[in-house]
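Trainee: I've got a model open and I'd like to learn how to read it piece by piece. Can you walk me through it?

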Amino acid sequence: MLRKKVIIGAAVAASVALFLAGCANQPSTGGSSNGGSSKVDIPAITSVDVPKDAVLPAGDGKATCPAGLTIGYVGAETGPNAQLGINIYNGIQLAINQHNEANKGCQVGFKKFDTEGDPNKATGPVTQAVNESDIVGVVGLPFSGESKATGNIFEQQGLVHITPSATNPGLTQNGWKTFFRGLGNDAVQGPAAAKFLTDKLKAKKVYLVQDDSDYGIGLGTQTSKALGDALVGTDKVTTGQKDFSATISKIINAKPDAVYYAGYYAEGAPFDQQLVNKGYKGTFVGPDGVKDDQFIKLAGDASGNAYFTCPCIPGELIPDFESAYKKLANAEPGTYSIEGYDATTVLLAGIDKGKTTRADLLSWVKDYDADGLSKHYKWDSTGELQAPAVYGYKVENGKIVPIGTIG
């Protein structure tokens with residue numbers, strides 16, 4: 001069972017209760033000529049509870065290991081959705097820095113390989129990484145499409161890899177023994193998002209739009225199923241699309257209370273901006289692939305109508321992590337920063353215990369059972385975590401803030 005619990009202060013909890021009670025007595029305001037009602041307000045949370053026995057990168061500071069051991073990051077460093085990858089490798093770098101500072105007898109290297117987040121380009125960097133014998137474990141790949149395209153390469157070389165962010169459910173159904181998912185998949189996030197839309201946001205009519213990525217397709221499918229009768233329409237967009245007028249016309253005609261977008265921020269931001277500019281007054285909800293400050297930057301003032309769902313914890317609410325990350329990156333922790341940090345910690349803990357070959361480190365991860373900062377890490381035989389949580393976020397005063405668990 002997941003031991004990670006989000007703790008909300010009494011005042012915040014009371015605010016949530018008042019909100020829910022108030023919404024229960026409010027009539028639906030959907031169905032206007034511009035589609036939907038104004039954004040519902042749910043209070044932000046201000047703290048999360050960190051397990052007292054969470055494993056940290058420094059360990060006991062007594063580790064010794066052979067020289068030359070390396071952890072790799074394979075994923076986006078550049079490309080249209082690069083910020084999600086940057087968030088992750090900053091988390092990896094922080095964990096490795098803290099480990100090496102505390103353990104002078106075990107200095108672990110770090111190498112990065114850029115896939116641009118593109119499945120068609122990912123095989124080259126992954127092949128390069130698996131062929132470098134000093135790399136004993138990898139954190140990545142961030143996106144589902146590139147993970148699908150490269151899983152067999154890791155498998156053939158017996159190289160363990162933990163994704164902090166790829167959520168397509170099918171990734172653990174390929175029989176891979178080297179793939180581990182460090183968060184809940186879209187079969188968890190999709191139903192949680194649907195419940196969030198209809199219960200918390202009180203949306204009676206939801207229009208769902210998905211992109212053409214493996215991630216968008218998987219998440220769109222799961223969320224559509226869970227929405228049931230609340231789903232009043234669906235449409236598809238493509239990676240790199242700039243003009244969303246055709247889809248927006250369908251949405252305005254359907255008059256939904258909320259729009260759920262299954263995809264990434266590179267398209268989600270201009271889509272929301274154009275939607276609002278056409279007069280849409282309802283709520284925009286995006287998943288983890290949209291939840292990034294780049295969404296606000298690209299969507300501008302239109303982003304004020306946005307909520308997000310994410311199987312990720314708000315790392316900015318963990319003071320020690322937040323301050324260390326900010327010192328390293330000169331930025332607040334982003335989406336999946338702490339998941340990247342925790343995934344790296346799992347690998348480092350194995351190295352510290354003498355698991356310094358690929359085979360031994362793979363066995364270590366397979367049998368791992370301990371708390372990290374973000375959640376409890378224990379995988380089933382397919383590489384899925386047990387009982388992962390999903391969190392909600394909203395845009396408030398131009399920033400993304402957490403509102404607590406939603407599923």
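Mentor: Sure, and keep in mind that this is a predicted model. Let's start with helix 10, residues 319-329.

Trainee: Okay. Which residues of helix 10 are buried?

Mentor: Here's the general idea for helices. An α-helix has 3.6 residues a turn, so residues three or four places apart point the same way. Now the case here: Phe321, Glu322 and Tyr325 are the buried residues of helix 10. Looking down the axis of helix 10, you find its buried residues within an arc of 95°, so they line one face of the helix.

Trainee: And what is exposed on the other side of helix 10?

Mentor: Pro319, Asp320 and Lys327. As for the buried residues, their cover includes helix 2 and helix 11 (337-352). Have a look at what follows helix 10 too: Asn330 comes next, and its phi is positive, near 55°.

Trainee: Let's move to strands. How do I read the side chains there?

Mentor: In a regular strand the side chains alternate between the two faces of the sheet. Try strand 1: Thr70, Gly72 and Val74 point one way, Ile71, Tyr73 and Gly75 point the other way, and all are buried. That goes with strand 1 being mostly covered, with 6 of its 6 residues buried.

Trainee: Which strands does strand 1 pair with?

Mentor: Strand 1 pairs with strand 2 in the parallel sense, over 6 bridges. It pairs with strand 3 (residues 135-140) in the parallel sense as well, over 5 bridges. To find your way in, use a bridge on each side: Tyr73 has Lys112 as its bridge partner in strand 2, while Thr70 has Ile135 in strand 3.

Trainee: How does the chain get from strand 1 to strand 2?

Mentor: Through a helix. Strand 1, helix 2 and strand 2 form a β-α-β unit, and that unit is right-handed.

Trainee: I'd like to see a whole sheet now. What is the strand order in the open sheet of 7 strands?

Mentor: The order is 7-6-8-9-10-13-14, with mixed pairing. At the edges stand strand 7 (231-236) and strand 14 (399-405); each has a single partner strand, so one side of each is left without a neighbour in the sheet. From one strand to the next, the twist averages 25°.

Trainee: Can we zoom in on strand 6? Is it buried or exposed?

Mentor: Buried. That applies to 5 of the 5 residues of strand 6, so it is largely enclosed by the rest of the structure. You can see the two directions as well: Val206, Leu208 and Gln210 point one way from strand 6, and Tyr207 and Val209 the other way.

Trainee: What pairs with strand 6?

Mentor: On the strand 7 side, the pairing is parallel over 5 bridges, and Val206 stands opposite Leu231. From strand 6 the chain goes through helix 6 to strand 7, a β-α-β crossover that is right-handed. Strand 8 (residues 258-262) also runs parallel to strand 6 (residues 206-210), with 5 bridges joining them. In strand 8, Tyr260 is the bridge partner of Leu208, and Tyr261 that of Val209.

Trainee: And which helices pack there?

Mentor: Helix 6 (residues 214-227) packs on the sheet, touching strand 6, strand 7 and strand 8, and its direction makes about 165° with that of strand 6. Helix 7 (residues 245-254) packs on the sheet too; it touches strand 6, strand 7 and strand 8, and its direction makes about 165° with that of strand 6.

Trainee: Last topic: how many disulfides does the structure hold?

Mentor: There are 2. In one, the sulfur atoms of Cys65 and Cys106 are 2.1 Å apart. The S-S torsion of that pair is about 100°, so the disulfide is right-handed. Cys65 lies in the loop between helix 1 (10-24) and strand 1 (70-75), and Cys106 in the loop between helix 2 (82-102) and strand 2 (109-114), so the pair ties together parts that are 41 residues apart in sequence.

Trainee: And Cys310 with Cys312?

Mentor: A disulfide joins them too, S to S 2.0 Å. Its S-S torsion is about 125°, so this disulfide is right-handed.

Trainee: Are these cysteines buried or exposed?

Mentor: Apply the cut-off: buried means under 20% relative accessible area. Cys65 comes out at 15% and is buried, as is Cys106 at 0%. Cys310 is buried at 0%, and Cys312 is buried at 1%. Number the bonded cysteines in sequence order and the pairing reads 1-2, 3-4.

Definitions and conventions: Residues are numbered from 1 along each chain as its sequence is written. This is a predicted model: local features need pLDDT of at least 70, side-chain atom pairs count only at pLDDT 80 or more; totals for chains, interfaces and linings use all residues. Side-chain values use heavy atoms; hydrogens and water are left out. Two strands pair if DSSP finds at least two bridges between them. Helices (H or I, at least four residues) and strands (E, at least two) are DSSP runs, numbered from the N terminus. Axes are lines fitted to C-alpha atoms, for helices over the stretch in contact, and angles run from 0 to 180 degrees between N-to-C directions. Contact means heavy atoms within 4.5 Å. A disulfide is a pair of cysteine sulfur atoms within 2.5 Å. Buried means under 20% relative accessible area, exposed over 50%, partly exposed in between (1.4 Å probe, protein chains only). A crossover is right-handed if, with the strands pointing away from the viewer, the path from the first strand over the helix to the second runs clockwise. The arc is that of the directions from the helix axis to the C-beta atoms.
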